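Subject: A structure for you to explore

Hi there,

Here is the structure I promised to pass on to you. Please open it beside this email and look up each residue as you read.

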Amino acid sequence: MNELIDALKSQKIAAGFIDPPAKVSGAGEQILLTAGPDEKKVVYVALRHGGKTVRVGFAAKDRWTNEEIEEAVESNGGTMTEFLEDEMEADDALEFPVQHFHDTGWFHFACDIPKSPEFFATREGCELVAYYFAGYCKAILPIINKAKE
């Protein structure tokens with residue numbers, strides 16, 4: 001997993017990495033990395049199912065941030081997955097759709113990537129997770145920063 005964390009930390013993002021990673025209920029069994037303006041509004045990467053799934057997403061502790069993102073998605077006129085694709089400037093449809101859920105006080109927009117732990121140790125696996133991580137940063141962090149102004 002060190003290769004994966006290094007690949008993620010090499011991303012250029014508007015917000016800083018939070019170290020140690022923020023504790024986010026509903027993210028997964030092991031949160032590898034979080035980035036954002038504070039520990040209550042983060043883009044994250046977490047392991048689930050003993051490392052057989054990586055969850056990449058955004059979580060906010062407050063309802064208002066969740067609603068800001070929902071409004072941005074609605075004004076885009078599509079689903080959250082389509083919104084993420086647009087903001088990522090993806091050439092193809094995203095293979096792993098965005099889920100929207102609430103878990104113990106946290107509001108999430110997240111994609112689960114079910115692959116073997118060995119896949120996530122490969123360059124291809126690291127690049128896939130980094131692609132989704134960068135996409136969430138690019139799509140959601142500007143909405144949060146704009147709401148703070």
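Below is what was found in it, piece by piece.

First, some ground rules. This is a predicted model, in which local features need pLDDT of at least 70 and side-chain atom pairs count only at pLDDT 80 or more, while totals for chains, interfaces and linings use all residues. Residues are numbered from 1 along each chain as its sequence is written, and side-chain values use heavy atoms, with hydrogens and water left out.

**Helix H2**

Helices (H or I, at least four residues) and strands (E, at least two) are DSSP runs, numbered from the N terminus. A good place to begin is helix H2, which covers residues 63-76. Its expected span is 1.5 Å times one less than its number of residues. For the 14 residues of H2 this gives 20 Å, and the end C-alpha atoms are indeed 20 Å apart, so the two agree.

Which residues of H2 are buried? They are Thr-65, Asn-66, Ile-69, Ala-72 and Val-73. These residues cover an arc of only 125° around the axis, so they sit on the same side of H2. The arc is that of the directions from the helix axis to the C-beta atoms. "Buried" means under 20% relative accessible area, "exposed" means over 50%, and "partly exposed" is in between (1.4 Å probe, protein chains only). On the face of H2 turned away from the buried side you will find the exposed residues Trp-64, Glu-71, Glu-74 and Ser-75.

Both ends of the helix deserve a look. At the N-terminal end, Asp-62 acts as a cap, with a side-chain oxygen 3.1 Å from the backbone nitrogen of Trp-64. That is a polar contact: a pair of N or O atoms within 3.5 Å, where, within protein, one must be able to donate a hydrogen and the other to accept it, and residues adjacent in sequence count only if both atoms are side-chain atoms. After H2 comes Gly-77, whose phi is positive, near 85°.

**Strands E2, E3 and E4**

Next, the strands. E2 (residues 30-38) and E3 (residues 41-48) run antiparallel and are joined by 6 bridges; two strands pair if DSSP finds at least two bridges between them. A hairpin of 2 residues links E2 to E3, and Gln-30 stands opposite Leu-47 in E3. E3 also pairs with E4 (residues 53-60), in the antiparallel sense, over 8 bridges. In that pairing, Ala-46 stands opposite Arg-55 in E4. Of the 8 residues of E3, 7 are buried, so this strand is largely enclosed by the rest of the structure.

Is Thr-34, in strand E2, buried or exposed? Thr-34 is buried, with a relative accessible area of 0%. Its side chain reaches the backbone nitrogen of Ala-22 at 2.9 Å. Leaving aside neighbours within four places in sequence, Thr-34 has contacts (heavy atoms within 4.5 Å) that include Phe-17, Ile-18, Val-43 and Tyr-44.

**Loops**

E3 and E4 form a hairpin with 4 residues between them. In this loop is His-49, whose phi is near 50°, a positive value in a residue other than glycine. His-49 is partly exposed, with a relative accessible area of 45%. The loop also holds Lys-52, which counts as exposed at 53% relative accessibility. Among the residues that Lys-52 touches, not counting those up to four places away in sequence, are Ile-113, Pro-114 and Phe-120.

Elsewhere, a cis peptide bond joins Asp-19 and Pro-20, with omega about 0°. Pro-20 is in the loop between E1 (17-18) and E2. Glu-89 lies in the loop between helix H3 (80-88) and strand E5 (99-103) and has a positive phi near 55°.

**The nonpolar cores**

In soluble globular proteins, nonpolar side chains tend to be buried together. A nonpolar core here is a set of buried Ala, Val, Leu, Ile, Met, Phe, Trp, Tyr and Cys residues joined through side-chain atoms within 4.5 Å. Of the 41 residues in the largest core, Val-56, Phe-58, Val-129, Phe-133 and Tyr-136 touch the most other members. Helix H5 (residues 123-148) gives this core its largest share, 13 residues. A second, separate core of 11 residues includes Ala-22, Val-42, Tyr-44 and Ala-110.

Happy exploring!
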